[in-house]
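This briefing is meant to be read with the sequence and the coordinates side by side. Please keep both in view while working through the points below.

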Amino acid sequence: MYFSFYKKLILAIDIGPDAIRIVQVSKNRQIKYLKSIPTPEGSFINGHIVDPHLISDTIKNTLRDIHPAPQKVIFGVSDS
């Protein structure tokens, strides 16, 4: 797993049609934050993101719960 070799605080976000999952892992591989929230209704159609702004607003609001706030976020989005 790529994360096991990374030596900084990691924030991972998984966006799916049913849920958005967020996990923050410390340098020593301890889970510091873990949350799963429902994906906003109407943001996916047939497995494809149709309203990225609705999803990004949901993620921004959820990230406000993390203390200290992440300074750097690496984000990946699949082709869909």
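What follows describes a sheet, a helix and one residue, as seen in a predicted model.

**The sheet**
- Three strands form an open sheet in the order 1-2-3, and the pairing between them is antiparallel.
- The edges of this sheet are strand 1, covering 10–15, and strand 3, covering 31–38, each of which pairs on one side only.
- On average, and with direction ignored, neighbouring strands of the sheet are turned by 10° against each other.

**Pairing of strand 1 with strand 2**
- Strand 2 comprises residues 19–25, and its antiparallel pairing with strand 1 extends over six bridges.
- Ile10 has Val25, in strand 2, as its bridge partner.
- As general background, the strands of a sheet pair through backbone hydrogen bonds, in either a parallel or an antiparallel manner.

**The helix against the sheet**
- Helix 1, made up of residues 52–63, lies across strand 1, strand 2 and strand 3, and runs at about 40° to strand 2.

**Ile22 and its surroundings**
- Ile22 is located in strand 2, and this residue counts as buried because its relative accessibility is 1%, where the cut-off for buried is under 20%.
- Leaving aside residues up to four places away in sequence, Ile22 touches Leu11, Ala12 and Ile13, as well as Tyr33, Leu34 and Lys35, and also Thr62, Leu63 and Ile66.
- Between Ile22 and Lys35 there are 5.3 Å in space, taken from C-alpha to C-alpha, although the two are 13 residues apart in sequence.

Conventions:
Residues are numbered from 1 along each chain as its sequence is written. This is a predicted model: local features need pLDDT of at least 70, side-chain atom pairs count only at pLDDT 80 or more; totals for chains, interfaces and linings use all residues. Side-chain values use heavy atoms; hydrogens and water are left out. Two strands pair if DSSP finds at least two bridges between them. Helices (H or I, at least four residues) and strands (E, at least two) are DSSP runs, numbered from the N terminus. Axes are lines fitted to C-alpha atoms, for helices over the stretch in contact, and angles run from 0 to 180 degrees between N-to-C directions. Contact means heavy atoms within 4.5 Å. Buried means under 20% relative accessible area, exposed over 50%, partly exposed in between (1.4 Å probe, protein chains only).
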